[in-house]
Amino acid sequence: LRSRGLGDVYKRQLQVACSAVSSFFHNGTLPSTYFADRTDLPEYVPVYSSMNPVESQIFAWVLHFRQLSYKLDYRENQTGVQRLKNIQEDIKTGKFKQAYLLYGEEAYLKQQYKRNLVKALNPDDDTMNFTRYEGKGIDVRELLSLCDTMPFFAERRVVLLEDTGFFKNKCEELADYMKALPDYLYLVFCESEVDKRSRMYKAVKACGSIGEFKQQDEKTLMRWAAGILGKNGRRITQRDVELLLTMTGTDMGNIRMELEKLISYTVGRDVVTAADIQAVCTTQTTNKIFDMVRAVTEKNQKRALDLYYDLLTLREPPMRILFLLAKQFRQICLTKKMSQEGLSQTEIASKLGVPSFVVRNLASCARSYTVEELENAVRDFVDAEEAVKTGTLGDVLSVELLIVKYSSARAVRA
């Protein structure tokens with residue numbers, strides 16, 4: 001709790017919740033004994049009518065804990081946003097920390113911040129006092145020797161280090177060195193993988209600033225895409241932005257390239273339409289897989305097989321297709337289960353780590369099957385992978401058989 005910087009209110013809520021659960025399992029004490037503020041408990045909804053008193057209390061607690069979880073996630077997300085704002089403020093004011101760590105899965109944003117930060121620290125593009133290291137295997141002693149070298153006719157020495165692995169593997173010398181950095185030295189780390197328990201992470205946190213770049217949610221991506229089009233004199237509807245994201249995925253770098261294509265394609269017009277998107281935007285492999293899954297759920301066997309053969313023509317490995325198919329069916333299965341449990345589309349999207357419109361598509365596909373059928377499908381995909389790896393079945397044939405089985409109009413329903 002201290003590491004997350006949570007206040008006493010959250011701490012007390014969690015303590016009370018844990019006490020309630022512990023007491024219930026030991027002696028069956030009802031939650032009213034512990035939750036004095038009844039407004040925190042979820043309202044009893046019709047689904048409770050099918051439960052016995054014990055089940056309904058447990059279900060109430062689950063929902064209550066979910067509310068607490070959302071509060072914690074929101075607090076942590078806000079902290080991350082504030083950190084990025086702090087880095088932006090440093091760039092704007094010119095008052096820099098001596099160390100920065102940029103990491104996370106959203107590569108486009110991370111690269112943007114890296115470029116802006118390095119440009120602000122080294123505005124004259126001074127090559128004598130700027131050094132860039134990349135990759136693992138960096139000679140730490142050589143690095144420290146460089147860091148101890150005074151800048152040549154300049155105020156700063158800037159060192160950019162990318163994908164060094166220092167934040168996953170031990171780097172004791174550099175962690176110790178960062179306890180007392182020279183006044184002229186500014187370090188910028190740009191990493192793919194980070195262990196928050198590492199000494200390097202704690203060292204940067206103590207003397208500098210850390211920015212985590214998470215995958216952006218659908219609303220942010222939609223606003224960002226519409227904003228870029230707007231700056232170039234183009235308008236687009238929400239439905240068409242959703243279509244764009246469905247085809248491009250959520251990688252901001254890929255979306256940016258597709259937007260450039262759309263802007264060039266629609267010269268002389270001020271509205272981007274669905275026809276424009278379908279004409280020039282490249283569909284990612286993952287999205288082609290989902291098109292194939294949709295064809296399977298719609299029992300359109302010919303289209304499903306045609307899409308599969310198209311992917312093979314594009315030299316997509318059958319085992320990768322099998323993996324992505326298994327992933328899609330697993331998500332469809334989880335979506336159906338969570339929908340039956342009463343979770344909203346937003347809640348399901350959060351748990352699956354996908355945009356809400358993707359959940360809408362998954363839910364649409366889930367209607368074609370029962371939970372039991374979907375669970376069997378997931379098991380079939382695992383068995384197919386094992387059969388391929390043991391040489392019992394060919395990789396191309398294994399996917400064909402699964403497509404035929406689950407796109408058959410004669411599929412057995414439980």
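How accessible is glutamate 385, and does that make this residue buried, partly exposed or exposed? With 33% relative accessibility, glutamate 385 counts as partly exposed, where buried means under 20% relative accessible area, exposed over 50%, and partly exposed in between (1.4 Å probe, protein chains only). The views below show a predicted model, in which local features need pLDDT of at least 70 and side-chain atom pairs count only at pLDDT 80 or more, whereas totals for chains, interfaces and linings use all residues. Residues are numbered from 1 along each chain as its sequence is written, and side-chain values use heavy atoms, with hydrogens and water left out.

**View 1. The protein chain as a whole contains 17 helices and 5 strands.** Helices (H or I, at least four residues) and strands (E, at least two) are DSSP runs, numbered from the N terminus. Of the 414 residues in the protein chain, 44% are buried. The chain exposes about 23,000 Å², of which carbon and sulfur atoms supply 52%; accessible areas come from the Shrake-Rupley method with a 1.4 Å probe, and for residues only the protein chains shown count as cover. Among contacts between residues at least 6 apart in sequence, 74% join residues at least 24 apart, a contact being heavy atoms within 4.5 Å.

**View 2. An open sheet of 5 strands follows the order β2-β3-β4-β1-β5, with parallel pairing.** Two strands pair if DSSP finds at least two bridges between them. The edges are held by β2 (130-134) and β5 (209-212), each of which has a single partner strand, so one side of each is left without a neighbour in the sheet. From one strand to the next, the twist averages 10°. At the β2 edge, β2 pairs with strand β3 (residues 157-162) in the parallel sense over 5 bridges, and arginine 132 stands opposite leucine 160 in β3.

**View 3. Strand β4 (185-191) is mostly covered, with 7 of its 7 residues buried.** On one side lie Leu185, Leu187, Phe189 and Glu191, and on the other Tyr186, Val188 and Cys190, all of them buried, so that both faces of the strand are covered. β4 runs parallel to β1, to which 5 bridges join it, and parallel to β3, to which 6 bridges join it. Leucine 187 in β4 stands opposite alanine 99 and also opposite valine 159. Between β3 and β4 the chain crosses through helix α5 (residues 172-177), and this β-α-β crossover is right-handed; the term applies if, with the strands pointing away from the viewer, the path from the first strand over the helix to the second runs clockwise.

**View 4. Helix α3 (residues 107-121) lies across β1 (99-103), β2, β3 and β4.** The helix runs at about 170° to β4, where axes are lines fitted to C-alpha atoms, for helices over the stretch in contact, and angles run from 0 to 180 degrees between N-to-C directions.

**View 5. Salt bridges are formed by aspartate 195 with arginine 197 and by glutamate 212 with lysine 196.** A salt bridge is a side-chain nitrogen of Lys or Arg within 4 Å of a carboxyl oxygen of Asp or Glu, and a search of the whole structure finds 20 of them. In the pair of aspartate 195 and arginine 197, the closest N and O atoms are 3.1 Å apart; aspartate 195 counts as buried at 19% relative accessibility, whereas arginine 197 counts as exposed at 67%. Glutamate 212 and lysine 196 meet at 3.8 Å, N to O. This pair links distant parts of the chain, with glutamate 212 in strand β5 and lysine 196 in the loop between β4 and α6 (199-207), 16 residues apart. Glutamate 212 is partly exposed, with a relative accessible area of 26%, and lysine 196 is likewise partly exposed, at 43% relative accessibility.

**View 6. Within helix α16 (residues 371-389), glutamate 385 and lysine 389 lie 4 residues apart, about one turn of the helix.** Their side chains meet in a salt bridge at 2.8 Å, N to O. Glutamate 385 is partly exposed, whereas lysine 389 is exposed, with a relative accessible area of 62%. Elsewhere, Lys114, Arg132, Glu134 and Glu162 are joined into one network by salt bridges that share partners.

**View 7. Helix α14 (residues 345-352) includes the buried residues Glu347, Ile348, Ala349 and Leu352.** Glycine 353 follows α14 and has a positive phi, near 75°.
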